[in-house]
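Reader: I am new to this structure and would like a close look at a single part of it. Please start from one residue and work outward to whatever surrounds that residue.

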Amino acid sequence: MQECREFSFKLFLLVAFNLFIQINGFNISPKPNMIFKEPSLKVYKPKVRSSYFGFTLNLREQSIIVGAPRAQSSLESQRHINETGAIYKCSLQSGECAPYVFDANGNVHVERSDYTYDSERKDLQWLGVSMDGGSKETDRFVVCASKLAADAVVEYLAHGICYWTPNTLGSEPQGVRQIAPLRLKSMQLKLRNGNRVYYYSFAQMGLSVHLTENNEEILIGAPGIYTWKGSVIRYRPRVEEDFGGLSRRSSDNPGAHKIVPRQAIEYISEIPDPENWGQQNDSYFGYAVSSGYFDSREPHKIFYVASAPQANLQSGEVYLFSFILNTIIIHRTFTGQQFGEYFGYSLLSEDFNGDGLPDLAISAPLYSVPGSYENGAVYIFLNKGEANFELSNVLKSGNSLPGRFGITLSKLGDIDHDGYNDLAIGAPHEGNGAVYVFLGSSNGIHEKASQVLRSPMDDLNDQSMFGHGISKGVDVDSNGHHDLAVGAPNSEMVYLYKTYPVIRINAYTQSLSRSISINQTKFQFRACWSLESTSNQTDQQPIKITLKVDPQVKRAFFSENINEMEFDAIAVPLPTCKIYDVMVKFSLPDIFKSIDIEIHYALMRKIPDSEVFCDTCAAINPRDPKFSTEKISFSTGCKDVICVSDLRVSSSGFGKSFILGSTRTQVVTYKIANKGETSYLTELNITAPSQMPFAKIPSACRLQDNSLRCTLYKGRPLPNGAEDTLDIAFDTSHLAGESVTIKAEAFNTGNELNPGDNVLVNVIQLREYSEVDISYRQLTPILSLENDLGMKEIKNLVEIRNNGPSKIRHMKVLIHIPISYLVPNTQSRILLVEYNNITINATHNNRTINAVFTQNNTVIIQNAMEISSTPQIVENMQGMDFDSSKVGYPVEFDPGNQPDSSETDLSNNFSNSKRRRRATGDIPDIEYDQLTRWDNTITEIRESLSSLVSIDKTVMFNCHNPADALCIEASLDVTNLEAGDNVVSILISYNVDLNQIDKILTETKDYFVITTLIDVTKLDDEEGKTIKVHKSYPHNIISKYKLAMVPLWVYIISIIAGLLILVMMTYGFYKMGFFKREKKEELEKLHRRSQREEDESEQRLT
């Protein structure tokens, strides 16, 4: 079952890959046009695994050189050697491959040599592990076997070897030279700092090889030198003067015995010592190598590049350097970004952005994306001049499979002829393998691949490693575009992909008139098309042309109700043009809409999805446009074809600030005036934040993407001097924050004289203002000391209401409850309120609000609802330890000023509760503004009490002055207090000791009033500018005497007496006839007579 699921998943991947190819194909043939296989030859050792035919490739104009580093030898001289590796030359004409032998010798055993190890053991030598060469058969070619070993008596020495030939013209390499500079016996082991190190012993020279840009030097990586520090070997020619012998005497004067010198070329190997520049152990310097003319200041000086993928704590480094004597000078270091990504596994230099300077591509095939592993990445560094580089981008496959993207990098040249060199990247472990093609540009390499080639092998279990070998781009079919070869070493196959020419179709339309008048019924336009190509094989292409006129509004037609025309044509380098007639049906509402004339084109010869290469086919860059559009406008009476209006926007309704909650909607009136030429399709676009939506959409407006677009002037043209107004209602009920911005922009289909005044931006500052009422209700009536003594509970209900208009987001309620009374003219305090039994039950929106009790900024009770029934020692009370079980007594006094024992027996009960008097420093400093607030508070308290008690006979006990009373402060945090009926209810209860109050009240004092002070502050407004509080204070009155109460029977008798008096008065009026009609008429007659007499008297006087 598991195998079935795996097969289904792989089949899905295969289908997805094929679809990906079709979608992302460009100008490389989607399928290989030639396939090369390892030839079936007689070999002398059994083949037990893949030969890795296609591991490395060198594509030339007439052949492909293929490396197979695990191949068995077909040479009789090597019949006893296991997996020598082999090089094959495959003809592009015949498709046949044959061995291309660089060394026909078997293992070499030299009995004795004084200076070098000359024995050679070629088993598993990996011939073909690396190679490099040009694109022509006349160019140099070099190939290496990095594991060739020399047998010593007690050591196994893996030196490696390279072979090079000046050309590949013949069926066998000619003039082969060996490069094997690491065989000196004296250099195999060395003593460094008292330790024996393996110097050349395991160099593995040839793991990487590179022919330099000047085609004169060979750069060879030897990552195993000096305990795997690694080094790079430069193999180069050196010219020396050779005077020869007697055969080269001067012919001018034979008797003078003058020798004629000649130049002799000698090849030398330079092997820098990695210790000279402090190369790290086990860093594998030389794993990959390259070169280029990197420094713009020295354009003819070649610089070298090599990688050390295990350096920098296995993050990897790449060095740009030059050779000098026995060391190198590092000019620039590139570092990897991820631990273990193998930064520098492959690298190459190429000019990707067309600035003439070579850039760098450095691969890290073990780079991992989150959630996966070994996905791979390629870093692109652009050369900014003077060998300064900038990381341009990091290329990734975009595939989650562990494909090791970047195992191979290859130069393709400019395959699409856009003027920029392109790059191929292999991901051989992504399924059966893949090759990604990235195009260059003026900004460097594009981040997304233009095309992906995937293994032609259908069996996903094959693991063909397609893309491990990728050749450089070479034009093998003379069509002017580079082709490439891809190796699949685990399948022992090489695939040749040819590249199609890239052409450009230039198609356009041109109206024969600048505009269309209102009365015009037809017009003409010209359509032209041509071909642009750099290939001599694509000088003409059949294309399909589609013409469309006014496809959206449909006011123009080629014939009756037909606005589209399609036909076949031939595109050639010279433009082909035709003239077409178009009929017009004028519509006044659409005068501002231009008529679009479109020309679409497509190639009729598609790139075939087959192995057969189409010599006459071409590709179009997918980034090129596939159609062209021209617009022709109606004549509008303006100076030019397009009117130039001068729209101006202003507004009223919103001031510079807005009080939150003051209104639920706000209407803004916009005025749009035109001071220029006629404005067609004038519209106003209004953008407001999401927290202030539009309350109502006017009929002339429509909502688009949180913006309101409104048609002005009823859709008619807005002439010069005209204006229009628009009322927009905004919903302000959800506003919050510090400010809100509304943007209004007027626009039309024409041009604008002054674009600046088309836009109006209103920034409204948001302010908060709230009026808060604090009211209370006494739940405990007035207490009398004649009736009650001992501990009594006092309850008050406080309500806090926000009368608006703004919501209070965060408010702190402070409740000050006095608990200890300061005896005047003494330092003694009398504890009156049992603070441990103080409870505050606060609710808001059916939620309980916890109160935090503090004294002197020290929290003493965390939760007001949790009341301890056991004594607690509280370190508060102005710095003294207080036993809350002994409430109701003075707990702080001066030993020299104790109360008289005749007045109280407290000293006997609390002899162990005596405390030293507070130091002066314990009394808080009182600022002037505090005194002012206290004076205001005590004035308000006196005014509220004046109607209840006689102030002169009252002892006021409150927290208005910290020096007069010791207090407990309770704080409540209230959030989101809306304006209206939503209130905060606070039930305050505590026990008061009436015995102590009875002792405090003297002969001149009859009342003791306990006042709870309540204050409200906003946490974001310490100065109180946005809140106004109307306070009333909970007063609890304790009277020395019993207050006289009016008996209930007094009220009953008074009511009855009042009713009797009313009845008697009504009866008296009745007896007097007041309610009779005759009496009423008589009174009216007397009134008329009196009025007439007054009138006659006035006439006589006149």
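Author: The model is predicted, and the residue to start from is Ile986. Leaving aside residues up to four places away in sequence, Ile986 touches Asn796, Leu797, Val798, Ile800, Val813, Ile815, Ile840, Asn841, Ala842 and Leu972.

Several of these names return in the nonpolar core. The largest nonpolar core has 61 residues, and those that touch the most other members are Ile800, Val813, Ile815, Ile986 and Phe1008. Ile800, Val813 and Ile815 are also among the residues that Ile986 touches. A second core is separate and has 34 residues, including Ala527, Val582, Val584 and Ile599.

Next comes the strand at the centre of this account. Strand β68 covers residues 983-993 and is mostly covered, with ten of its eleven residues buried. Two pairings of β68 can be followed from here. With strand β57 (residues 791-805), β68 pairs in the antiparallel sense, over eleven bridges. Within that pairing, Arg801 has Val983 of β68 as its bridge partner. With strand β60 (residues 839-844), β68 is joined by six bridges, and these two strands also run antiparallel. Here the bridge partner of Ala842 is Ile986 in β68. Ala842 is also one of the residues in contact with Ile986. As background, side chains in a regular strand alternate between the two faces of the sheet.

Strand β57 has a further detail in its backbone. Pro805 is placed in β57, and the peptide bond that leads from Gly804 to Pro805 is cis, with omega near 5°.

For comparison, here is another set of paired strands. Strand β46 (residues 665-674) is joined to strand β44 (residues 647-652) by six bridges, and the two run antiparallel. In this pairing Arg648 stands opposite Ala673 of β46. Strand β46 is also joined to strand β51 (residues 723-731), by nine bridges and again antiparallel. There Gln666 stands opposite Phe730 in β51.

One residue of β44 can be examined in the way Ile986 was. Val649 lies in strand β44. Val649 counts as buried because its relative accessible area is 12%, under the 20% limit. Not counting residues up to four places away in sequence, Val649 touches Tyr670, Lys671, Ile672, Leu684, Ala744, Ala746, Asp757, Asn758 and Leu760. Glu745 is 96 residues from Val649 in sequence, yet the two are 7.5 Å apart in space, C-alpha to C-alpha.

A mixed arrangement is found elsewhere. An open sheet of five strands has the order β34-β42-β40-β36-β38, and its pairing is mixed. Its edge strands, β34 (515-516) and β38 (564-571), each pair on one side only. Strand β34 pairs with strand β42 (residues 627-634) in the parallel sense, over two bridges. Ser515 has Ser633 in β42 as its bridge partner.

Two loop residues have unusual backbone entries to note. Tyr284 has a phi near 65°, a positive value in a residue other than glycine. Tyr284 lies in the loop between β17 (262-270) and β18 (289-292), and counts as partly exposed because its relative accessibility is 23%. Glu492, likewise not a glycine, has a positive phi of about 55°. Glu492 is placed in the loop between β31 (484-488) and β32 (493-497). With a relative accessible area of 16%, Glu492 is buried.

The surface has a nonpolar part as well. Ile1061, Met1065, Phe1069 and Met1072 form a nonpolar patch there, with about 430 Å² of accessible area together. Phe1069 is found in helix α7 (residues 1048-1071). Phe1069 counts as partly exposed because its relative accessibility is 38%, which lies between the 20% and 50% limits.

Last, the setting of these parts in the whole protein. The secondary structure comes to eight helices and 72 strands. Of the 1102 residues in the protein, 47% are buried. Among contacts between residues at least 6 apart in sequence, 67% join residues at least 24 apart. The accessible surface comes to about 54,900 Å², and 50% of that belongs to carbon and sulfur atoms.

To return to the starting point, Ile986 is a member of the largest nonpolar core and the bridge partner of Ala842.

Conventions. Residues are numbered from 1 along each chain as its sequence is written. This is a predicted model: local features need pLDDT of at least 70, side-chain atom pairs count only at pLDDT 80 or more; totals for chains, interfaces and linings use all residues. Side-chain values use heavy atoms; hydrogens and water are left out. A nonpolar core is a set of buried Ala, Val, Leu, Ile, Met, Phe, Trp, Tyr and Cys residues joined through side-chain atoms within 4.5 Å. Buried means under 20% relative accessible area, exposed over 50%, partly exposed in between (1.4 Å probe, protein chains only). Contact means heavy atoms within 4.5 Å. Two strands pair if DSSP finds at least two bridges between them. Helices (H or I, at least four residues) and strands (E, at least two) are DSSP runs, numbered from the N terminus. Patches are made of residues with over 30% relative accessible area and no salt bridge: like charges are joined within 9 Å, nonpolar side chains (Val, Leu, Ile, Met, Phe, Trp, Tyr) within 5 Å. Accessible areas come from the Shrake-Rupley method with a 1.4 Å probe; for residues, only the protein chains shown count as cover. A salt bridge is a side-chain nitrogen of Lys or Arg within 4 Å of a carboxyl oxygen of Asp or Glu.
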